[in-house]
Amino acid sequence: MITLSKVSLTLLLLLFLAGCAADAPSPIAGTPRRRTLETQRETTDETVPTPIPCTVVFTQAGASLSLHEPTEGAYLGAWLSPDFTHITLRSFGNLAEKPHALFAYEMTLGDELPLSWLLHSITSNAAPLFYLRPHPDDGEEGLPTAELTELARGLGAYDIPMFLAFFPLERDHGMAREAYINVYRLARILFRTYAPQVAFVWVAPEGQASVTPAHPFYPGHDVVDWVGLPVQALRTRGGFDTDIINRISLFHQGFQRHKPIMLLPVGVSHFSRIDYTYNINEAAAEIKRVYESIVGFPRVKAIVYRDVKNVGARWDDMTVTRERDLMVAYADAVAPDYFLSAVQPRAPIVRQWLRSDYGGYEYDGVFYVDYETLTKELFLTRPGPTVEINGRTFVDTSKLSLDITTSSEQRIIYINLPS
């Protein structure tokens, strides 16, 4: 009897609990696990502040601008494919909802000047940018003095601001260092004589992660007006093959104290034969990310997007004019006033903005600068009390006796040093 009573009592208890469970709502089958994670993350963000990385920039007094370099901002440029005859220089500006300051044209030394294109550029109030490649036979004939003189005279006759990307170094250029530097320096001398309004752009070798003025093919500060960096993100099976922002950062670090930087060209692929898949949204997001980041690189003074298809072995497509969503994304990306639509008059001595190698943080509404920015770059001996964030030492900007402004939207800390 005792055993049966215990069994009965146990059964009654189980039935009671089952009835209570039946009154409670059942979990939804197939509910994604990420819902709970998102809720937890939102709660955490509201209650526990997270350090937000910031760029730190500071002024360099007494800097002089290079030929056609704007005081602030970056020239907006485009390199249109000659295959797209339905897109003109002016109509591209209309599609982008903003005029462009530069348009690029590719030619080989010895070619005739593209007079029709040149006039279209001038009537669009844009400065021509010539991407000049060497003639394949020039290496066997010595210095091409006659061809360079003819080109300089031809461009100099217009007496307007122009840019010349002279003999860009391709991945396998096969040029000897001494011959390259000799022809570059000769060309600069000839253009100063016959075409003084033409700014020379030295384009860094393709595919090299870090390039500085110590590069063996750099011809020297005295003959270079601008330095160019090609940054094209092509497709791989896992996404893009290049982190454009990282490449800009390395290059900017090496040249920011010496020359204005031109991103020539910029390109983001949305299709390739690697998987025959269109990645429009991903490309649009990358274009937006790149242009938004330019404000954090104050010596990047021009950005030239290349609208071209069938690039490389996998036929990457970097066009924005053939996809409406990409054209809209590009127009949104270039809309800020920071991107300039016309070449600016040359200014006298100015205070040039430089980017810190170390950076900072915004944490709970307070901005912090890396200790080494203050000691190694600004040469302050006693910056003040320090805190540690993510394993590095920082100083609260409000504790510094410096003229500091901040932008939470752009995530930039500006340090205005006295002249």
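Begin by selecting Gln256, which in this predicted model sits in the loop that joins helix H8 (244-255) to strand S10 (261-268). Although Gln256 belongs to a loop, its relative accessibility is 3%, and because buried means under 20%, Gln256 counts as buried.

Keep Gln256 selected and show its surroundings: leaving aside residues up to four places away in sequence, Gln256 touches Arg299, Leu354, Arg355 and Asp357. Then add Thr212 to the selection, which stands 44 residues from Gln256 along the sequence, while the two C-alpha atoms are 9.9 Å apart in space.

Next, move to helix H9, residues 280-293, and draw a distance between the C-alpha atoms at its two ends. At 1.5 Å a residue, the 14 residues of H9 should span 20 Å, and the end C-alpha atoms are indeed 20 Å apart, so expectation and model agree.

Now colour the buried residues of H9, namely Ile280, Ala283, Ala284, Glu286, Ile287, Val290 and Tyr291. If you turn the view to look down the axis of H9, these buried residues fall within an arc of 165°, and therefore they line one face of the helix. On the face of H9 turned away from that buried side, select Asn281 and Glu292, which are exposed.

Finally, colour the whole protein by pLDDT, which averages 87, with 87% of the residues scoring at least 70. Select residues 1-45, over which pLDDT stays under 50, and for which the model has one contact beyond four places in sequence. Where pLDDT is low, the predicted coordinates should not be read in detail.

Technical notes. Residues are numbered from 1 along each chain as its sequence is written. This is a predicted model: local features need pLDDT of at least 70, side-chain atom pairs count only at pLDDT 80 or more; totals for chains, interfaces and linings use all residues. Side-chain values use heavy atoms; hydrogens and water are left out. Helices (H or I, at least four residues) and strands (E, at least two) are DSSP runs, numbered from the N terminus. The expected span of a helix is 1.5 Å times one less than its number of residues. Buried means under 20% relative accessible area, exposed over 50%, partly exposed in between (1.4 Å probe, protein chains only). The arc is that of the directions from the helix axis to the C-beta atoms. pLDDT is the predictor's confidence in each residue, from 0 to 100. Contact means heavy atoms within 4.5 Å.
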